[in-house]
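Here are a few exercises to work through with the model open in your viewer. Try each one before reading its solution.

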Amino acid sequence: MASTIRMRAVASGDTTEVQALVQHPMDSGFVKDAKGDLIPPHYIEVLEFQHAGKTVFTAFWGPAVAKDPYVKFSFKGAQKGDDLTISWVDNKGQSDSLVGKIM
Amino acid sequence: MNNNAIMSKQTRRRDRLVQTRRTVIQGALAGGLAGFAGLVPLTRARAAADANKWPKDAFAQKNEADAIKALYGKTPEISDKVSLDAPEIAENGAVVPISVNTTLPGVTSIAIIVSENPFPLAASYPIPAGTAPMVANRLKMAKTSKVTALVESGGKIFSASKEVKVTVGGCGG
Amino acid sequence: MRRALLLAMATLALAAPPVFAADTTNPQADFRAFRKYFTERFPKVPLNDFVNGPYSMDAGLRKQWEEIDAFPPYQFAVDKGKQMFDTPFANGKTYADCFPNKGIGIRQNYPYFDSKSGEVITLDVALNQCREANGEKPFDYNKDDMAALTAYMAFTSRGKPFAIEIPDDPRALAAYEKGKEYFYTRRGQLNFSCASCHVQNPGGHLRTEVLAPALGIVAALPIYRSEWGGMGTTSRRLTSCNSQVRAAPLKPEDPSYRDVEYFLSYMSNGLPVSGPGARP
Amino acid sequence: MYARGLIGLAVILSIGSFTNAASAASADDFKAAFAKAEAANKQAGDLKNQWTTTAQQLKAAQAEAAAGDYDVAVTDAQQAEALANASIAQAKEQAAAWKQAVVH
């Protein structure tokens with residue numbers, strides 16, 4: 001099974017721009033399935049990025065974040081070739097994480 | 001996609017042991033999939049996001065004012081230094097690209113509120129020192145609504161709002 | 001609400017271009033007329049931009065699409081498709097063994113007319129034939145596995161110009177003509193043809209959707225539709241078009257669907273493959 | 001052009017006109033009406049031109065009959081037949097008329 005996370009981190013000078021996409025249903029709890037039953041809420045609550053042991057970005061998400069959620073941000077202090085760690089945990093306690101290299 | 005199948009499988013075996021095994025298998029496969037569209041080669045990490053920090057109370061509020069109060073305990077003031085980029089008409093309420101930017105100094109967090117959603121607080125982003133006060137994401141909108149960007153700077157809350165028209169709601173599936 | 005919708009559709013149906021009759025099958029002449037119609041109607045749209053469907057017609061939509069396409073939601077399908085494509089069947093063979101050039105960069109040649117069976121073979125049909133020839137069960141034609149495989153194969157073909165051939169075979173010409181007939185035939189309670197929306201009103205609105213031009217409409221398939229919350233194949237696209245005009249959809253990859261894809265793909269010759277695509 | 005545009009409207013109007021037709025219908029009346037509707041819809045299917053609304057109407061008729069309300073069930077079946085007949089008429093008319101729409 002492939003990772004649920006896709007990440008692209010590009011350093012330009014002192015600034016690193018990060019984009020990430022996570023494969024997740026982000027069920028809001030308001031949508032019904034084919035049988036007419038409500039699909040229970042299932043969404044990522046926390047997504048975190050760490051560089052050199054420091055948290056550089058945190059997302060607190062609710063059920064209104066779109067399916068297969070996307071985020072973009074930028075931070076200072078990293079260089080090409082550095083590791084960037086991304087991890088998420090959802091309201092059912094499921095999680096995934098990944099280390100990517102900054103390009 | 002297989003997403004739902006994967007997730008339900010995960011739900012059934014949620015204990016830590018199985019989770020670890022799954023992680024190892026995924027790690028082995030990730031190498032073979034890297035390199036697509038200029039993505040960085042990936043390896044599996046040990047770090048884990050901490051669900052305890054999630055502001056549960058703010059996400060549970062059903063109107064805008066209560067959500068802001070639960071999140072910040074303060075009333076925002078409108079500022080032209082907060083910039084909210086959102087479409088006039090969303091192509092589909094299920095995926096609305098929205099970004100927030102600001103020229104305010106000393107920003108410690110950014111949040112996005114969709115007034116007409118069942119739970120207005122959509123996302124909240126603590127901004128540590130060294131991280132730019134900017135974020136782009138994609139949100140669901142149930143119907144046409146005011147969207148508000150909140151920026152916490154120097155202990156105060158600043159805001160900018162925009163009406164986003166939604167003709168196909170993001171709650172219908 | 002419903003009444004307003006019907007009225008809107010009736011209005012749309014009456015706004016038709018001038019028409020002429022034709023009785024002979026001449027794909028080359030059709031091709032020239034089709035392209036001329038769209039390029040004259042939308043002189044500001046660069047030819048290769050027609051493959052971007054509604055985004056070639058509406059600046060607001062285009063901006064949202066560009067933001068989304070920077071990190072597109074079909075990426076997971078492409079990755080999954082590649083993994084599937086590279087994984088051997090139980091007998092040790094792979095998809096690559098079934099296709100010219102090992103299946104890489106060939107999307108633009110589909111569908112083609114198979115003179116042995118006398119049928120139009122779409123990429124989706126060829127993939128299931130490949131599976132069955134190797135002792136595997138065929139996939140559902142609408143989404144999931146089939147969408148992932150075709151997404152990957154389209155991705156490896158991006159930018160390659162469509163090169164659909166109609167061989168000198170009366171059966172191939174007949175299939176082309178049937179596809180053309182299907183495209184222009186009104187159906188469903190709303191009395192719409194494919195052409196009512198995608199020839200007569202591209203850039204216009206059907207309810208809230210911006211209608212894509214028929215020129216290049218096949219180039220982005222398969223697509224991730226926000227409306228679907230996922231990927232869909234050509235079959236799914238045609239099925240949903242039928243349902244929207246209250247016509248009972250045919251079975252996926254029904255000969256009529258294959259023929260209409262053959263016709264539309266031929267009309268798109270020379271335009272680049274842009275799939276997989278993202279659509280509202 | 002005009003005639004074709006009107007088919008859909010005619011069908012919409014015809015739905016209303018059947019409401020007074022039935023009175024104290026029996027199970028046999030329903031069976032007969034339903035069989036006629038199904039036969040018409042099958043013919044539309046042979047022409048690859050069934051309407052989703054016909055199927056919906058047939059389903060509604062069956063549900064009403066199962067609930068024992070044959071008056072409504074017969075009306076629904078007659079509406080389904082009218083829709084199926086309109087779809088057949090559309091297919092026959094389009095068999096030649098489609099050529100008028102071709103881009104030249």
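**Exercise 1. Find which residues touch the most other members of the largest nonpolar core, then list what B:I112 touches.**

Keep in mind that this is a predicted model.

Step 1. The largest nonpolar core holds 171 residues, and the ones touching the most other members are B:I110, B:I112, B:L139 and C:A151.

Step 2. Now pick B:I112 and skip anything up to four places away in sequence. That leaves contacts with B:I98, B:V100, B:A122, B:A123, B:L139, B:V147 and B:A149. B:L139, in that list, is also one of the residues named in step 1.

**Exercise 2. Check the length of helix α2 of chain C, then work out how its buried residues are arranged around the axis.**

Step 1. The helix covers residues 27–41, which is 15 residues. The rise is 1.5 Å a residue, and the expected span counts one less than the number of residues, so α2 should span 21 Å. Its end C-alpha atoms are 21 Å apart, so the two agree.

Step 2. Sort the residues by burial. C:P27, C:D30, C:F34, C:R35 and C:F38 are buried. Looking down the axis of α2(C), these buried residues fall within an arc of 120 degrees, so they line one face of the helix.

Step 3. Turn to the other side of α2(C), where C:Q28, C:A29, C:R32, C:K36 and C:E40 are exposed.

Step 4. What sits over the buried residues? The cover includes α7 (170–184) and α10 (255–267), both of chain C.

**Exercise 3. Work out the strand order of the open three-stranded sheet in chain C, and explain which strands are left with a free side.**

Step 1. The order is β6-β5-β7, with mixed pairing.

Step 2. β6 (230–232) and β7 (277–279) are at the edges with a single partner strand each, so each has one side without a neighbour in the sheet.

Step 3. Ignoring direction, neighbouring strands here are turned by 35 degrees against each other on average.

Step 4. Zoom in on one pair: β5 (residues 223–225) and β6(C) run antiparallel, joined over three bridges. In that pairing, C:I223 stands opposite C:G232 of β6(C).

**Exercise 4. Describe the make-up of chain A and its extent.**

Step 1. Count the elements: chain A has zero helices and seven strands.

Step 2. Take its extent along the principal axes: the C-alpha trace spans about 55 × 25 × 20 Å.

Step 3. Check burial: 60% of the 103 residues of chain A are buried.

Step 4. Finish with contacts. Considering those between residues at least 6 apart in sequence, 52% join residues at least 24 apart.

Note on methods
Residues numbered from 1 in each chain as written. Chains lettered and ligands numbered in written order. Predicted model: local features only at pLDDT ≥ 70, side-chain atom pairs only at ≥ 80, totals over all residues. Helix = DSSP H or I, 4+ residues; strand = E, 2+ residues; numbered from the N terminus. Buried ≥ 20, exposed ≤ 12 C-beta atoms within 10 Å, placed from the backbone. Arc of directions from axis to C-beta. Contact = placed C-beta atoms within 7 Å. Core = buried A, V, L, I, M, F, W, Y, C linked by C-beta atoms within 7 Å. Pairing = 2+ DSSP bridges. Axes fitted to C-alpha atoms, helices over the stretch in contact; angles between N-to-C directions.
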